[in-house]
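Trainee: Please take a close look at the charged side chains in this model. I would like to know where they sit and what they pair with.

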Amino acid sequence: MPILHAPPSSINPLRFLSLLPRPTALPTLRSPPTVIRLARRFASMANSSAASGAASPEHVAGDWYSVPELRLRDHRFAVPLDYSADRNASQRISVFAREVVAVGKEEQQLPYLLFLQGGPGFESPRPTESSGWLLRACEEFRIILMDQRGTGLSTSLTVSSMSQIKSAENLANYLIHFRADNIVNDAEFIRVRLVPDAGPWTILGQSFGGFCAVTYLSFAPQGLKQVLITGGIPPIANGCTADIVYKAGIESVTVQSEKYYKRYPQDAEVVREVVKYLAESEGGGVILPSGGILTPRGFQTLGLSGLGFSASFERLHYMLERVWDPVLVPGASKQMSYFFLKAFENWLGFDTNPLYALLHEPIYCQGASSQWSAHRVIGEDESKFDAVEAAKEGRPVLFTGEMIFPWMFDEIHVLKPFKEAAQILAEKKDWPPLYDVTALNNNKVPVAAAVYYEDMYVNFKLSMETASQLAGIRLWITNEYMHSGLRDAGGRVLEHLLGMLNGKKPLF
């Protein structure tokens, strides 16, 4: 799910109480009783470590510093790349977490709240002030903003850093450790070292962060006091659920495309004109500033960031206003503007967050491969999404939504080096489980979730199917917000969810 804490116009409209001696590695989450026993062991170690003042290279805490109305402290943890491997055999990676409190509350005994960012492949928010949901959360919580492994300051997997791994097979084998199961393992690694007595904490999961929250509920509920989810209830069936996600997504993006053209009917012709221009250009497209190529099908991906957020229609419209260069010299050839081409690349954000493209389909896989699900599903209705034919026939050109296609690794310059690794991931069948339906059926952790009725990224019907399997969940179903509700009205959204769990909003 796209990042929600940086404005779409920028990159993508897409923590210390005690230090521990080196413990044994946490196991994979497929053995919950073992995790529980180790959590208790870590709690005991945390107490003895705090009493002795011991420190460990597994956890390094920085000094407090400030932004307006907030105090922050950085934490770095050395965690296993592979939790299932022997502690001495597994490579270590760094996971970064930022502790945030309101000014003057640094030493107060506050309950902890872990924020799980949307994605996959996006770092946590970088606070510049106390506002939005963070302002409300700071009233009663000590917040932990964790950069999920592979993002931000957590051994970031960037276009340049991944180039160090020369073999596509080795890169694919490295990337398999960056899904929700290991994100939750990291969260547990941090919790038992950070929370006094290794107590449970509250988690807030936005979009893909909500997927991680349901994984947490499946395999490590003992670490959770309560769970808040915004626009992020995943499908939990065995196998690969990507097909049902994209079939539902096609319906949503079709509706959103139609709504867009009703709002801006003049843009239907602008889009057709662009598609014709691209199709008739040499090589079937226009060279992008980074060296990739913008083709008609690439142009359609503007729907990923242009159709599903509040004000995204407006941003897309204003972007299309500047698609053409002005004619300065009579007789000069018509050409697309650098402004538009650069804005297009910024919207995609793959140059800064390539992990999103590589792991987007694998986040839906349990014991089955995706086999480029979005490409297959949209191919079943190819004529409907054929931009060139639509332009020729004078029909509105439909945009595509949150979908990653194999051709992107040919046309988007920064993704080209990862084409073979992406193919290996698409064919991988033996993905470990991400959810335990039995555990969810018997859940005892209080859960409140905001479900957005018109969410283009996390389908409403699929969310409701999963919610029916999650015991004790309370739902706030609303069409007041799009997928970006937590960004747009964070204080209100968080207040509503907390009220559902603390008695301010009774069941009846």
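Mentor: A term is needed before the pairs make sense: a residue is buried when its relative accessible area is under 20%, exposed when over 50%, and partly exposed in between. The model is predicted, and confidence comes in at the end.

The structure holds 23 salt bridges. The cut-off is a side-chain nitrogen of Lys or Arg within 4 Å of a carboxyl oxygen of Asp or Glu. Three of these pairs will serve here.

Take Arg263 and Glu314. Their closest N and O atoms are 2.6 Å apart, and the two form a salt bridge. Arg263 belongs to helix 6 (residues 242–263) and Glu314 to helix 10 (residues 312–321), so the bridge links distant parts of the chain, 51 residues apart. Glu314 has a relative accessible area of 25% and is therefore partly exposed. Arg263 is also partly exposed, at 43%. Both values fall between 20% and 50%, which is why neither partner counts as buried or exposed.

Another pair is Arg92 with Glu58, whose side chains meet in a salt bridge at 3.0 Å, N to O. Arg92 is part of strand 4 (residues 92–102), while Glu58 lies in the loop between helix 1 (32–52) and strand 1 (59–61), so this bridge ties together parts 34 residues apart in sequence. The partners differ in accessibility: Glu58 is buried, at 2%, whereas Arg92 is partly exposed, at 23%.

The remaining pair is Arg136 with Glu495, a salt bridge of 2.4 Å, N to O. Arg136 sits in helix 2 (residues 132–137) and Glu495 in helix 20 (residues 490–502), distant parts of the chain with the two positions 359 residues apart. In this pair the arginine is the buried partner: Arg136 has a relative accessible area of 8%, while Glu495 is partly exposed at 29%. The bridge also belongs to a wider arrangement, a network of salt bridges linking Arg136, Glu139, Glu140 and Glu495.

Helix 20, which carries Glu495, can be described further. It has 13 residues and spans 18 Å from its first C-alpha to its last, close to the 18 Å expected at 1.5 Å a residue. Its buried residues are Gly490, Val493, Leu494, His496, Leu497, Leu498, Gly499 and Met500. These pack against helix 2, the helix that holds Arg136. Helix 20 and helix 2 are thus joined in two ways, by the packing of buried residues and by the salt bridge, whose atoms fall within the 4 Å cut-off. The buried residues of helix 20 also pack against strand 7 (201–206), strand 8 (224–230), strand 13 (447–452), strand 14 (473–478) and helix 19 (485–488). Just after the helix, Gly503 takes a positive phi of about 95°.

What does a buried glutamate have around it when there is no salt bridge? Glu402, in the loop between helix 14 (387–393) and helix 15 (408–411), is such a case. The nearest side chain of opposite charge, Arg487, is 12 Å away, and that lies beyond the 4 Å cut-off. The side chain of Glu402 instead makes polar contacts, one of 2.7 Å with the side chain of Tyr356 and one of 3.4 Å with that of His360. Histidine is left out of the charge count, so His360 does not count as a side chain of opposite charge.

Glu106 is a further buried glutamate, with a relative accessible area of 16%. It occupies the loop between strand 4 and strand 5 (112–116), and strand 4 also holds Arg92. A polar contact of 2.7 Å joins its side chain to that of Arg71. Not counting residues up to four places away in sequence, Glu106 touches Trp64, Arg71, Val101 and Arg142.

Last comes confidence. The chain averages a pLDDT of 90, and 88% of the residues score at least 70. Over residues 2–55, however, the pLDDT is below 50, although this stretch has 153 contacts in the model beyond near neighbours in sequence. Helix 1 spans residues 32–52, which fall inside that stretch.

Conventions: Residues are numbered from 1 along each chain as its sequence is written. This is a predicted model: local features need pLDDT of at least 70, side-chain atom pairs count only at pLDDT 80 or more; totals for chains, interfaces and linings use all residues. Side-chain values use heavy atoms; hydrogens and water are left out. Helices (H or I, at least four residues) and strands (E, at least two) are DSSP runs, numbered from the N terminus. Buried means under 20% relative accessible area, exposed over 50%, partly exposed in between (1.4 Å probe, protein chains only). The expected span of a helix is 1.5 Å times one less than its number of residues. Contact means heavy atoms within 4.5 Å. A polar contact is a pair of N or O atoms within 3.5 Å; within protein, one must be able to donate a hydrogen and the other to accept it, and residues adjacent in sequence count only if both atoms are side-chain atoms. pLDDT is the predictor's confidence in each residue, from 0 to 100.
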